[in-house]
Amino acid sequence: MRIKRQAPLVRTQVSEILRQSILGMRFKPGERLVERELVELIGVSRTSIREALRELASEGLVRSIPNRGMVVAGLTSKEAAELYELRSSLEGLAGRLFVKRASVAQVTAIRRAFERIRRAAKTGQQLLEAKDQFYDVLFKGAGNEELRSIVASLHARVRVLRSISLSEAGRPAETVAEILAIVEAIERRDAAAASKACSRHVERAGQTALRRVASEERVGGADGQGPVTSRLPG
């Protein structure tokens, strides 16, 4: 986890190290992030650690708890449900705009991104990365920078939920079928169908993930802050 000091943006490196450690479950929900320990672990100043933690707090990955300091944030069922509601609307809009604005090259790129998802689902490797690439193509092709900015601000927490959903038995295969429906609607240049397929994919993923979140929340306690404890795929 040590960083290279010659790199230009130390804070960016520190933020990425901590972000990946949280997403990869090296640091688990509810775990305290002690500045002194992070300074020793990563080898940077306390100022760099504090700046990185503020950035992660803005992404919802860590939160400040009175008398405990910064801890890794879990997702409550209410928070997860709200994120899925927002994703359903945003991704539905992206699908509609993609059909209207994407170039032929971008349509080809989204088919190629889907094929990567199909291969990853079969092998069980790098499925999260494949989905990240698919959505990168989708939101670029939608041609709305404000939409991309909003989605980028949600990316870290969305990725946590995506990991939970995809960890359920049978869900990767369902994901492939749902994303294929998106791609086929795009290739037909059917904006309404693409929008509906995008929203439907999010809703199906939400049904899966929310069951898991609610279950683990009950196990976590009655304070409404029971963390998601699923070990995320690397």
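**Pockets, cavities and a hairpin**

Modeller: Welcome! In this predicted model, 46% of the 234 residues of the protein chain count as buried.

Biologist: What makes a residue count as buried here?

Modeller: The cut-off is a relative accessible area under 20%. Of the 234 residues, 46% meet that cut-off, so they are called buried.

Biologist: And which elements make up the chain?

Modeller: The protein chain has 9 helices and 2 strands. Starting at the N terminus, their order is α-α-α-β-β-α-α-α-α-α-α.

Biologist: How do you know that β1 and β2 pair?

Modeller: Pairing needs at least two bridges between the strands. Strand β1 (residues 62-65) and strand β2 (residues 69-72) are joined by 4 bridges, so they count as a pair. The two strands run antiparallel, and Val 62 has Val 72 as its bridge partner in β2.

Biologist: What do β1 and β2 form, and how many residues lie between them?

Modeller: They form a hairpin, with 3 residues between them. In the turn, Asn 67 has a positive phi of about 70 degrees.

Biologist: Now the empty spaces. Why is one space called a pocket and another a cavity?

Modeller: A pocket is open, whereas a cavity is a place where a 1.4 Å probe fits but cannot get out. The largest pocket has a volume of about 280 Å³. Its lining has 14 residues, and the closest to its centre are Tyr 135, Phe 139, Val 151, Ala 152 and His 155.

Biologist: Which element gives the largest share of that lining?

Modeller: That is α7, with 7 residues. Each of α4 (77-101), α6 (127-142) and α7 (145-166) supplies at least two residues of the lining.

Biologist: What makes Tyr 135 nonpolar but His 155 polar?

Modeller: Tyr is on the list of nonpolar types, while His is on neither the nonpolar nor the charged list, so His counts as polar. Overall, the lining of the largest pocket has 7 nonpolar, 1 polar and 6 charged residues.

Biologist: How many cavities of 30 Å³ or more are there?

Modeller: The structure holds 2. The second largest cavity has a volume of about 40 Å³, and its lining residues include Arg 87, Lys 131, Arg 162 and Arg 171.

Biologist: Why are those four called charged?

Modeller: Lys and Arg are both on the charged list, so these residues belong to that class. By class, the lining of the second largest cavity has 2 nonpolar, 2 polar and 4 charged residues. Here α7 gives the most, with 3 residues.

Terms used: Residues are numbered from 1 along each chain as its sequence is written. This is a predicted model: local features need pLDDT of at least 70, side-chain atom pairs count only at pLDDT 80 or more; totals for chains, interfaces and linings use all residues. Side-chain values use heavy atoms; hydrogens and water are left out. On a 1 Å grid over the protein atoms alone, a cavity is a set of points where a 1.4 Å probe fits but cannot get out, and a pocket is an open set with protein on both sides within 12 Å along at least five of seven lines; lining residues have an atom within 4 Å of a point. Grid points are joined across faces, edges and corners, and a volume is the space filled by probe spheres set on the points. Buried means under 20% relative accessible area, exposed over 50%, partly exposed in between (1.4 Å probe, protein chains only).
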